[in-house]
Each structure stands twice: as C-alpha cells, then as structure tokens.
Amino acid sequence: SAPHPTDLVVFGGTGDLSMRKLLPSLYLLDRDGHLDEGTRVIAVSRDGLTDADLRDKTSSAVRGHPAVQVVEPDVLRRFLDRLSHVTVDVGGDPAGWTDLSSALVPDRDRVFYLAVPPMISGDICRGLDDAGLVTPEARVVMEKPLGRDLASSQAVNDAVGAVFDERRIYRIDHYLGKETVQNLLVLRFANVFLEPLWNSRWIDHVQITATETVGVGGRRGYYDTSGAMRDMVQNHLLQLLCLTAMEPPATYDREAVRDEKLKVLQSLRPLTGDRVAEETARGQYGRGTVQGTEVLGYLDEAGGPAVSDTETFVALRAEVANWRWAGVPFYLRTGKRVGHARSEIVIRFREVPHTIFPGVDTGPGAGSLVIRLQPDEGIHLTMLAKTPGAGALRLRPVPLELSFADTFSTRSPEAYERLLMDVLTGDSTLFMRRDEVEAAWRWVDPVIEAWNNTDTTPETYQAGSAGPAGAHRLIGRTGRTWYEEE
Ligand code: BG6
C-alpha cells in the first residue's frame, strides 16, 4: 500500500545513525517520489537544537552521502522543510514530552524510530505511553544491538512489548534491506533450477563472509562491550544463514517468511563446551597497513581500555541439523580491518558423483555459486568448461556472471531506503520477529560464555591481512579453503 502522511519521530535523531543513514535515505526516498506530501520527520534529542540547526546539519549529511551524488536544490529544500527538532530528556524534565505531543498531528500515522542504545528503549516507550502519544496504529522501529545476550534482549523486548504489540514492532537488521539479500529469495524461489540442488546431496558446504577494511573508528566504547560475535554474527550473518537455509515459505509475507527463518535458527546445532574451541576462531586486529594507509591496532584505538579480549574477527562452523542440511558445514566469517572488504554467500557444490574425464586436471574453484552483497552486487556461478583446442582435453572453471549494475540501469537503493519504506507502508517481512532474535541469542550466548570461561584470548592479526590464522585452520582442517583463496 502507498505510504500515508506520517509523522516519523526519530529518537537519537541528531546522532550518528540518523545523520549517516536515516536522513540521507529519507532524502533519497523523497527525491524518488516515495514520501507522501504530508510526511514529516521529527528529530528528537537532548541537544537543544533549533529546527534551523537540524536542517543545516541534515543538509551537510545529505550532501556528504555517497549515494546522493548530486543534490537537487528544490528537492533538498522540500525535504528540509519536513524536518523539525524537539528536545526531550528521556527520564528527565517531562516538559519535552509535552513539546513532542504538540509537534504531532493527531490524525496522522505515527512511527517512532528508536535510534538509541537499547537500555533507554523501554523508558522512551513508557514516556510515549504516559504522554498519550501511542495511537493504536503507531509503529516502533528498533535498532540493534537488541540486547547483549538472551536475558537483556528479553528485557528490552518486554519493555517495548509492554507498550507496542508485536505486529507494530519493527526490528531492523539492515542486511535484510540489501538488494542482493532479497534477491537471494528471488533466486531460490522464483527459479526452478536451484531448488533440486539445494541440499546436502549436492552442496558440500556454505560460506558466509562479511569482512570490512574499516576498524572500529569512533565506536570503540560500544564495540568493546560487543565484539564481532554480537555485532555481526548474532544478527547479520545468522540472518543470511537463515535465508540461505530456509524451506520455501508458502507465501511471501511476514509470518510465513519469519516462521521459516525461525525454524532454521531452532535447528542450529548448539555450539557448547569443548566444541567451541574446535569450531570457532577469534581474532583482534593489530597495527598494519590497509589499502596503503598505516592504521592503529584495536587496543590503540581511542575510547576503550588498553587491554581487552574483545574479538574483531570471528570464524566459525555452524550446522543446521535437519534433513536438508545434515552434514553440510556452514562456515561463517566476519572481521574488521582486513585487506579486502567482501560480503558474500558462497554455495560450494559437490564434485560430480562419477567423472568420465579421469586424469583431466580440472583445477580448483569449480562449482561455486557466489551471491555477492558488496562490493559489486551480483551473482556469480563458476562451472567447468572445455578449453578450446584440438590437443589434450583440458577443463577450466569459467564464470557465469550477473552484475546488477550492468544488467539494471536503475540504482540499487540503500538498505535503509528499502526498510524505511517498508516501515512507512507497514510491511514487516524484512524485519526480525522477537522469537527470531531470541533464538539467535540462544545459540550465540553459549559460544561467548565458553570463550569467557577459557584463558585463551583472540589471536592478533595484522591489519590489512586476511584475518587470524585460526580462521584458515578452522576451514582447512577438512581440506577446504575460503573462497577467495581457491
Ligand atoms: C553494523 C555493525 O550493524 O554493520 C558495524 O554494527 C558494521 O560494525 C556494519 O560495520 C556493516 O554494515 P555494512 O552495510 O557496511 O556491511
């Protein structure tokens, strides 16, 4: 359905996420004609900004955003006119709630976006409720981290759930807003040729990678209490695993899709006790050179302690214990400050059951389907082909390549554009349901606990390298290698 005129209230509205992602994405939606004329954005913070300050700040944020490129002055003006700022000190002076109340139009749709640390989400929801601002149709959007373990996640969910019912809660995992991620569902369920192969009979293993060249930047304070397992694996990587491993849902709607994802999470074989040491590897970046620039090691980054066991890299081997996937390892890997940024899902097919080309060197790398999220969104299939020539038969892996940029002349929207649009139209298919988030924590918690209970520490890897040696040993134990090293 088309978006209605909506009052979109962003708590943490002047913060990093809002300026880097939310407001530029809303500008792009406005530019492309997706925002109703009456839709307004009310940024809430403790900053005491005037509307003019907010508009200035937003204007620079929009101009500086890589996806914006050229700002259209008329569009920018129209967009900035939608913005206003209200100062609310959550838990402090109640006057802010009254100001917020007078800033809202009574008969509009309302969306409350909580771009704030999770521990204040509950207070905000209570504040909204006490001020009588929660209309029956009002929606709330929650950002990660959704807790730091199962218990804290349940506490946040309870606090928000006391005010908004589950259907009105939109939990963001921005990976689900990425074009290629949605394309994975289309690839699997709108085509007939993959499904018969999509099981342990034909698939040897799956690799899910999300590595970055950036470090923790100014987020050391947050990151030190989180680490890669909570920051990336619990949410983004497990969501990718779910979409890769799930059964076909009967319909493309919120409950059907999320039911299937939940079943995958519930089928994950628990990683506990001694198996944690065998099936996981942790790393922390040391100083090094990334893309020609010398960078600090994690412990030297400002804003955190000089001694810390926080992992900035994780590799692990997961198993989906069900009929489709029995015996197929899912290798997950994520890390900061490595030499190359790549986010991709690699499906590695088995060898043919019987070769009619004995003694022919096929070389490595054949039989992989790569779904590349970034950079260069696309789908890449390697298959063996005969190399031309009348001499001895030789085979070589050759690529079948689909590049979204080359195939479609339209721009791929930012993940946040898609998700904000879905919030505005009331479609929560690409958002996480409470039971999914909790099932993910249930699987992640024992791993972190086992790490904490040993006296081992994450292995230092040089910034700009391919990550800790342990990640290579982990996959190498079974004679396999990470995709890019084939
Ligand atoms: C966020 C993490 O959720 O995802 C960050 O908190 C990480 O640490 C980011 O850098 C990666 O997102 P993307 O879209 O750049 O792959």
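This report walks through a predicted model, from its ligand site to two of its strands and two single residues.

**The ligand site**

Let us start with the ligand. The residues around it are K144, H174, Y175, K178, E212, R219, D231, M232, H236, K336 and Q374. Sorted by class, this shell has six charged residues, three polar ones and two nonpolar ones. Helix α9, which spans residues 228-245, supplies the largest share of the shell, with three residues.

Three side chains around the ligand have an N or O atom paired with one of the ligand's oxygen atoms, and the table lists the distances.

| Side chain (N or O atom) | Ligand atom | Distance |
|---|---|---|
| K178 | oxygen | 2.6 Å |
| K336 | oxygen | 2.7 Å |
| Q374 | oxygen | 2.7 Å |

How much of the ligand's accessible area does the protein cover? On its own the ligand has 390 Å² of accessible area, and the protein covers 79% of this.

**Strand β1 and its neighbours**

Now to the start of the chain. Strand β1 takes in residues 6-11, and six of its six residues are buried, so the strand counts as mostly covered by the cut-off of under 20% relative accessible area. In a regular strand the side chains alternate between the two faces of the sheet. In β1, T6, L8 and V10 point one way, while D7, V9 and F11 point the other way. Both sets are buried.

Which strands pair with β1? One of them is β4 (residues 109-114), which runs parallel to β1 and is joined to it by six bridges. Within this pairing, V10 has Y113 of β4 as its bridge partner. Another is β2 (residues 40-45), which pairs with β1 in the parallel sense over five bridges. Here L8 of β1 is matched with V41 in β2. The link with β2 also has a helix to it: β1, helix α1 (residues 16-31) and β2 together make a right-handed β-α-β unit.

**N199 and strand β7**

Further along, N199 sits in the loop between α7 (179-189) and β7 (203-211). Is N199 buried or exposed? N199 counts as buried because its relative accessibility is 18%, and the cut-off for buried is under 20%. A polar atom of the N199 side chain lies 2.9 Å from the backbone nitrogen of R201.

The strand that follows this loop, β7, is mostly covered as well, with nine of its nine residues buried. β7 pairs with β12 (residues 342-349) in the antiparallel sense, over eight bridges. In that pairing A210 stands opposite S343 of β12. β7 also pairs with β11 (residues 329-335), this time in the parallel sense and over six bridges. Q207 has Y331 of β11 as its bridge partner.

**T293**

A last stop is T293, which lies in strand β9 (residues 293-295). Its relative accessible area is 45%, so T293 is partly exposed. Where is T293 relative to E438? The two are 145 residues apart in sequence, and their C-alpha atoms are 40 Å apart in space.

Note on methods:
Residues numbered from 1 in each chain as written. Predicted model: local features only at pLDDT ≥ 70, side-chain atom pairs only at ≥ 80, totals over all residues. Heavy atoms only, no water. Near = heavy atom within 4 Å. Polar contact = N/O pair within 3.5 Å; in protein donor to acceptor, adjacent residues only side chain to side chain. Areas by Shrake-Rupley, 256 points an atom, 1.4 Å probe, with all protein chains shown as cover. Helix = DSSP H or I, 4+ residues; strand = E, 2+ residues; numbered from the N terminus. Nonpolar A, V, L, I, M, F, W, Y, C, P; charged D, E, K, R; others polar. Buried < 20%, exposed > 50% of the residue type's maximum accessible area, 1.4 Å probe, protein only. Pairing = 2+ DSSP bridges. Right-handed = clockwise from strand over helix to strand, strands pointing away.
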